[in-house]
Amino acid sequence: MRYVTAGESHGRALVAVVTGVPAGVPVELARIDADLARRQSGYGRGGRMAIETDRVVALSGLRFGRTLGSPVALTVANRDWDNWTDVMAPEGDAADAARVTAPRPGHADLAGCLKTDASDVRDVLERASARETAARVAAAGIARALLRELGVTVGSFVVSIGGVEAEPLADPSAVDQAAVESSDVRCPDPAASAAMRERIDTAAAEGESLGGVFVVYARGLVPGLGGYAQATDRLDARLASAVMSIPAIKGVEIGDGFALANTPGSRAHDPILYEAGAGFVRPSNHAGGLEGGMTNGMPLVLRAAMKPIPTLMRPLASVDLETLEAVEAARERSDVCAVPAAAVVAESEVAMVLADAHCRKFGSDCLGDMLAALGAYRARIAR
Ligand code: EPS
């Protein structure tokens, strides 16, 4: 299962096309809308989120609430398009459109303009904008629907914003997801949530932006998803790549990640035990559910670091692309902090990779065959 997206931040709409979808998967569009709403939420978002109310429209691949096995095409309208028709017109004269010529450090602006021979930064930033992640969340709604049928749960929560850290959880995959969703910074620790909100208020007042760290987890995974035979089979690599593809993500860590580098081997790995009835069990999960590029039957636990948003209300130094004079970087309406939203996007990316890994292992023609293959596999490894 794969997806592509199209759409500019202030264009008419975002589009996602999902291919490799098994037939017979029940899909409720209201659930996709709920995920789109989760992605829009989060303390520290800017004025744009007051304009948009993201809703998915299905154009193909679904009939009477089930996938047909054909490509699923989805759109999410940009309500803000109405305010940008002059600037983002698909045809016509660019003379009146305000040009952006001062690239923002940290954004795609400069390298994108050099790469594509553009002198109006808007030609690059419109597509590089994280607005595109709404289409990813819509696409992943199809992956989540499949995972639901396969008994896999994917969730996420924020562990730090701007240096304010939540109390660490012994088992991040056992987080109270309802508590996460009731926090407007998507953090299960109420004291840390309050401190994060204060930190965001201070940053907003100072014209600053903030990054942070979040966890994505998945439960209900059988061992053996992914593979060890080729670099491209390795599920840890595929997950890291998918999460790293989200704008502003600068680090991805699986299980205890970087801390394992400083831990002796005897304490870094998860012993293998056997219990009648339960089969192979692991008393710890330093590996984050992945060994040798495959799931090992323990919950998947992944952390990612998001850098602060590059659009600053007190901009850094830049150079005007037309005059080559030193100027301040462009100032655009933006978010102070989008870490809670990025966690939802990463959840979506992880869901897509996990759905694809199931399709590779259990076939992808139709849900019934996948469930039969999964059942047979579970029965075999239980023997
Ligand atoms: C973004 C800039 C802001 C954010 C946007 C990402 O948009 P605008 O320029 O319209 O104010 O709100 O995020 C979204 C629109 C979204 O849906 O998440 C950027 O430059 O990346």
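Begin by selecting the ligand in this predicted model together with the residues that surround it, which are His10, Arg39, Arg45, Arg48, Met49, His107, Ser129, Ala130, Arg131, Glu332, Arg333 and Asp335. If you then display the pockets, you will find that the ligand sits in the largest pocket.

Next, keep the ligand on screen and pick out three of the surrounding arginines, one at a time, looking at their side chains. For Arg39, a polar side-chain atom lies 2.6 Å from an oxygen atom of the ligand, and for Arg333 the distance between a side-chain N or O atom and a ligand oxygen is likewise 2.6 Å. At Arg45, an N or O atom of the side chain is 2.7 Å from an oxygen atom of the ligand. Switching to a surface view at this point, note that the ligand taken alone exposes 460 Å², of which the protein buries 93%.

Now leave the ligand and turn to the aromatic rings, where the count comes to 2 aromatic pairs. One of them is formed by Tyr274 and Phe280, whose rings are arranged edge-to-face, with 5.3 Å from centre to centre and 75 degrees between the planes. Colouring by accessibility shows Tyr274 as exposed, because its relative accessible area of 53% is over the 50% cut-off. Phe280 counts as exposed too, with a relative accessibility of 61%.

For the last stop, select Lys361 and Tyr377 and look down onto the ring: Lys361 lies over the face of Tyr377, at 4.1 Å from the ring centre.

Conventions: Residues are numbered from 1 along each chain as its sequence is written. This is a predicted model: local features need pLDDT of at least 70, side-chain atom pairs count only at pLDDT 80 or more; totals for chains, interfaces and linings use all residues. Side-chain values use heavy atoms; hydrogens and water are left out. Rings of Phe, Tyr and Trp (its six-membered ring) pair if their centres lie within 6.5 Å; planes under 30 degrees apart count as stacked, over 60 as edge-to-face and the rest as tilted. Buried means under 20% relative accessible area, exposed over 50%, partly exposed in between (1.4 Å probe, protein chains only). A charge sits over a ring if NZ of Lys or CZ of Arg is within 6 Å of the ring centre and within 35 degrees of the ring normal. A residue is near a molecule or strand if one of its heavy atoms lies within 4 Å of it. A polar contact is a pair of N or O atoms within 3.5 Å; within protein, one must be able to donate a hydrogen and the other to accept it, and residues adjacent in sequence count only if both atoms are side-chain atoms. Accessible areas come from the Shrake-Rupley method with a 1.4 Å probe; for residues, only the protein chains shown count as cover. On a 1 Å grid over the protein atoms alone, a cavity is a set of points where a 1.4 Å probe fits but cannot get out, and a pocket is an open set with protein on both sides within 12 Å along at least five of seven lines; lining residues have an atom within 4 Å of a point. A molecule sits in a cavity or pocket if more than half of its atoms lie within 2 Å of its grid points.
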